[in-house]
Amino acid sequence: MDFEITADQQQLVDSVRAVLERECPTALVRDVVENGSAPEQPWKSARELGWAAIDLPEEHGGLALGFAELGLVVEQHGRFVAPGPFLATVTGFLPLVLEAGSAAQRERFATPAGAGELTGALAIDHGRAAEHAPGEALRARRDGHAWILEGERRYVLDGDVADELAVAARVDAGDGVGLFVVPQGAAKAQRVVALDASRPLAHLRFDGVRVEPDRVLGPPGAGAHALGRALERATVAAALECVGACQRLMELTIDHARNRRQFDQPIGAFQAIQHKCADVYVQVQKARATAYFAMMALAEDDPRRSLATSMAKAAASDCQRLVCKEGIQIHGGMGYTWESDVQLFVKRAKTLEALFGTGGQHRQRIADLLEI
Amino acid sequence: MQLHYDAETEKFRAELRAWIEANQPTLEEMRAEPMTSSAHLTGWSRRWQRCLFDAGLLVPGWPPELGGRNLPPVQQLVYHEEMAKIRTPRTTNPQGLGIIAPSILDYGSDLLKEKYLLPTLRAEIAWCLGMSEPGAGSDLAALSTRAELHDDHFVVSGQKIWTSGAHHADHCFCFVRTDPDAPKHRGISVLILDMKAPGIRVRPLPELIDPHHVDFNEVFFDGVVVTRDHLVGELNQGWSISAGSLAHERGMMWLSAAARLDGMLAQLFQLARKPGPDGRRIGESATFRDAIASLYVDAQSMWFMGYQGFAKFARGNVSPEHSVLKLFGSEVAQRAARVATEFQGVDALDVDFLQGTRYDDSYPAPWMRQYLITYGATISAGASEIQRNIIAQRVLGLPRR
């Protein structure tokens, strides 16, 4: 049992942080949010430095370092409210392809995604994600050797920008889960006016989208296991990105409390502010420790992985609720403005709270798993 | 980073479990002679602590002559994990073993070590800790119990309060003011007092749950004579001893708090299976399920945060986790008990408690009693508000006023 980051892991974290600090300033995030720009960075760095291949097996050109290393890199992306395809491609699309795809499909989709030459998204039902269910809104039916997708997927992260979409749909066979990969454009995409414009969301309409056998991941009706395992990775990654964003917002808030003077003293000298900051610190510590536990549980394929995943998302939920509230409040009027960076972190954290199951949904899942 | 322990550590755990199984007091022994205060050495507790001492399992990080076996930090962690899980406490005088013995070891003269250290470790004597006073609670350095030095002896006058187990203790590890003119942190010393010395009077202060349950006391000192050789450390060095003493207490305390929380969760799982005031199974309520899952996350996160702090501690780094864990653990426990009482509804109002004692985990206490008892942890040993001040000022670097 060791919760300490190893020297190698720390080196990775430091290097990722240094790169993101240089290549992903909040000015870049603002340009995405305000002008809809599509900057090369930080995805370019991720591609060049192999971040997308950290948890990819060597046979697909990956570094095979493990999920803990990937998780630490994701946390740093949260710290810089990084925009771009990293989260959806590496922690959503890739896990499902790797869990469910044949060797040929993994070679076709995972190898280029790990190399940063292909971007991907994971089209699942966020409302049912905590329980690993495919939901009823998108159904797949057999048509000879091919399958037909009918219905919709809402709030798909990178849903209208990713090159390829890994899709979970309800089928009337076996365990009820079918998994597919469809190219961008196969479904009709409608961009959502999203809270965090640096995390694009789209509704996807599938009007009889035909999927040929080479794009069907595993036998439909036997996909529940793979979907669950992929969702666990996506969910823990969302929790870690949320922790990273909360950590930075906490730091900004404490800096503000130290520097902002009223009544001839820093507002951080007032106990009312100090106690809010202490509570924020406790929640960030709790969320990070719980997310790290889940990260290790996935890395080691520990039997507690499902429970750990839901705990991580629930703890991240508690954390963002308090950090966002006190982050804005302690910043006072400035925290209420568009100009302040506070809003960027709040919107990222709230987005991550809603994706892959809210804290409340994951608590219901925990109660199920504990057989309450 | 890894979730599992290495094979050698797991081998130690297995051996330790087998040893505990073979040696720990039976439930019958414990029920026959319940521990009634935190300085109450019962027959079974004396035998058990002596047995731990002789086996080198009392303070496993210490050398064999002090009841240890020089265990490395990871095995100490496993030791405390296992000890936290069993029904029998390591000692029935926790402040003696956890705070006073290490302080005597660190600061005491050869005479004091010889006279008090081994007898404490072997459960031959019990201690109370004279810290808080009516005018010095959270502001401990404001204490005013006076000790005047006359050649070879001190004369002590004043009052302590919240002194756990004072009515059972043989000795008091007592913080006194020896220089009233110095700044308040610099005029404090520590004396070892014999609780049978003339001039000491103990008045019990029962807790809000039960007029017959006494752990706390008021202790009055009226011209108590203490020989100078019973000064611990240097004259007026008491404040640094207090910081050192409490640090010992904090090192692994989170483990027993985390284990107690796990115990409360296990009781909540049982409550879920019982009918609530409306006759339906409590666990069917979505509100209850949400609350219990939230508590479960928090109880588990106690372990994860504790392990994170331990990883730093084991590598010789300072960690601020103890304030976080003390604050968080005590408040989660309070919430757990409150949630239980709210879902019990009127059933929470029956606090009949004829079976066993609060120290005997085999008889879970009524939830409302547990709820009221949890205030002991959010107030004592640095109230929650003090912990928040510490986190804000020492960890986050916010300015002091």
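Domain bounds, as used on this tour, come from an automatic or database domain assignment. The model is predicted, so local features need pLDDT of at least 70 and side-chain atom pairs count only at pLDDT 80 or more, while totals for chains, interfaces and linings use all residues. Residues are numbered from 1 along each chain as its sequence is written, and chains are lettered from A, with ligands numbered from 1, in the order in which they are written.

Start by colouring chain B by domain: the assignment gives domain 1 (7-92), domain 2 (127-237) and domain 3 (252-395). Between the C-alpha centres of domain 2 of chain B and domain 3 of chain B there are 31 Å.

Next, select chain A, which has 11 helices and 9 strands (DSSP runs numbered from the N terminus, H or I of at least four residues for helices and E of at least two for strands). Its radius of gyration, taken over C-alpha atoms, is 20 Å, close to the 21 Å that the globule rule (2.2 Å times the number of residues to the power 0.38) gives for 372 residues, so chain A is as compact as a globular protein of that length. Of those 372 residues, 58% count as buried (20 or more other C-beta atoms, placed from the backbone, within 10 Å of the residue's own).

Staying inside, pick Val97(A), Phe180(A), Cys246(A), Ala291(A), Ala294(A) and Met295(A), which have the most contacts within the largest nonpolar core, a set of 183 residues; such a core joins buried Ala, Val, Leu, Ile, Met, Phe, Trp, Tyr and Cys residues through C-beta atoms within 7 Å. Leaving aside neighbours within four places in sequence, Val97(A) is in contact (C-beta atoms, placed from the backbone, within 7 Å) with residues including Phe109(A), Ala166(A) and Leu217(A). A second, separate core of 48 residues can be found by selecting, among others, Leu52(B), Cys128(B), Leu129(B) and Ile188(B).

Now move to where the chains meet, a contact that takes 35 residues from chain B and 40 residues from chain A. On the side of chain B that touches chain A, α8 (253-272), α9 (286-314), α10 (321-344) and α12 (384-395) of chain B each supply at least two residues, and α9(B) gives the most, with 14 residues.

Finally, isolate α9(B), where 23 of the 29 residues are buried. From its first C-alpha to its last, α9(B) reaches 42 Å, close to the 42 Å expected at 1.5 Å a residue (1.5 Å times one less than its number of residues). Just after α9(B), stop at Gly316(B), which takes a positive phi of about 80 degrees.

Conventions: Two residues are in contact if their C-beta atoms, placed from the backbone, lie within 7 Å. A residue is buried if 20 or more other C-beta atoms lie within 10 Å of its own, exposed if 12 or fewer, and partly exposed in between; C-beta atoms are placed from the backbone.
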